[in-house]
Amino acid sequence: MDNIKNDHYYLEKIKKDIAFIVIHMKDVDLQELNENEVLLDSMLFRMIQISENAKKLSAEYKNGKPGLPWDEISGLRNRIVHDYGNVDLEIVYETLKYDIPELMEQLKED
């Protein structure tokens, strides 16, 4: 496997985490997410990973995708990690169910 850490490498990691979220959130509602601690932790972890890897993408790549909310994607990690006990579960759920699949579509061609 090619271990060169470039935009392609980080995009593949992001896509893998996005696909994981989409698959595992398919039939999940807000109540189930709230009650299933393992699922919630897993989803938050994947969101943190997406954020971390998005930060590592080059400015050139990000500038070529100006429609994506790079600052919000990158800032997501800090909001989850530093304010974990106060994360708004409804916002997390909306992000997982709607924003992440949309991001998957936007990155599909890369």
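## A buried asparagine in helix H3

Asn53 counts as buried, because its relative accessibility is 3% and the cut-off for buried is under 20%. The model is predicted. Asn53 sits in helix H3, which covers residues 37-55. Beyond its neighbours within four places in sequence, Asn53 contacts Tyr10, Lys13, Ile14 and Asp17.

One of these partners, Tyr10, is itself buried, at 11% relative accessibility. Tyr10 also takes part in an aromatic pair, described further below.

## Overall fold

The protein has six helices and zero strands. Along the sequence the pattern reads α-α-α-α-α-α. The radius of gyration is 14 Å, and the globule rule gives 13 Å for 110 residues; the two values are close, so the protein is as compact as a globular protein of that length.

The C-alpha trace spans about 40 × 25 × 25 Å along its principal axes. Of the 110 residues, 36% count as buried. Which share of the contacts between residues at least 6 apart in sequence joins residues at least 24 apart? The share is 74%.

## Surface and charge

The accessible surface of the protein is about 7100 Å². Carbon and sulfur atoms account for 50% of that area.

The protein carries 14 positive and 23 negative charges. How far apart are the mean positions of the two sets? They are separated by 7 Å.

## Aromatic pairs

A pair of aromatic rings is described by two values, the distance of the centres and the angle of the planes. The count for this protein is two aromatic pairs. Tyr9 and Tyr10 make up an edge-to-face pair. Their ring centres are 5.1 Å apart, with 85 degrees between the planes. Tyr9 is buried at 17% relative accessibility, and Tyr10 is buried at 11%.

Tyr61 and Trp70 also pair, with centres 6.0 Å apart. Their planes stand at 70 degrees, so this pair too is edge-to-face, since the cut-off for that class is over 60 degrees. Tyr61 and Trp70 are both buried.

## Leu33 in helix H2

Leu33 lies in helix H2, residues 30-35. Is Leu33 buried or exposed? Leu33 counts as buried, because its relative accessibility is 0%.

Leaving out residues up to four places away in sequence, Leu33 touches Met25, Val28, Leu39, Leu40, Met43, Leu89, Tyr93 and Leu96. Leu89 is 56 residues from Leu33 along the chain. In space, the C-alpha atoms of Leu33 and Leu89 are 8.5 Å apart.

## Leu57 in the H3-H4 loop

Leu57 lies in the loop between H3 and helix H4, the latter being residues 59-63. Leu57 is buried, with a relative accessible area of 5%. Which residues does Leu57 touch, not counting those up to four places away in sequence? They are Asp7, Tyr10, Leu11, Ile14, Lys62 and Trp70.

Several of these names appear elsewhere in this report. Tyr10 and Ile14 are also among the contacts of Asn53. Trp70 is the ring partner of Tyr61. The C-alpha atoms of Leu57 and His8 are 8.7 Å apart, with these positions 49 residues apart along the chain.

## Leu76 in helix H5

Leu76 has its place in helix H5, residues 70-82. Apart from residues up to four places away in sequence, Leu76 touches Met47 and Ser51.

Leu76 and Lys65 are eleven residues apart in sequence. Their C-alpha atoms are 18 Å apart in space.

## Lys15 in helix H1

Lys15 is part of helix H1, which runs over residues 7-24. Where residues up to four places away in sequence are set aside, Lys15 touches Leu107, Lys108 and Asp110.

How far is Lys15 from Asn86 in space, C-alpha to C-alpha? The distance is 27 Å. Along the sequence, Lys15 and Asn86 are 71 residues apart.

Methods:
Residues numbered from 1 in each chain as written. Predicted model: local features only at pLDDT ≥ 70, side-chain atom pairs only at ≥ 80, totals over all residues. Heavy atoms only, no water. Helix = DSSP H or I, 4+ residues; strand = E, 2+ residues; numbered from the N terminus. Rg over C-alpha atoms; globule rule 2.2 N^0.38 Å. Buried < 20%, exposed > 50% of the residue type's maximum accessible area, 1.4 Å probe, protein only. Contact = heavy atoms within 4.5 Å. Areas by Shrake-Rupley, 256 points an atom, 1.4 Å probe, with all protein chains shown as cover. Lys, Arg positive; Asp, Glu negative; His and termini not counted. Charge placed at Lys NZ, Arg CZ, Asp CG, Glu CD. Phe/Tyr/Trp six-rings, centres within 6.5 Å; stacked < 30°, edge-to-face > 60°.
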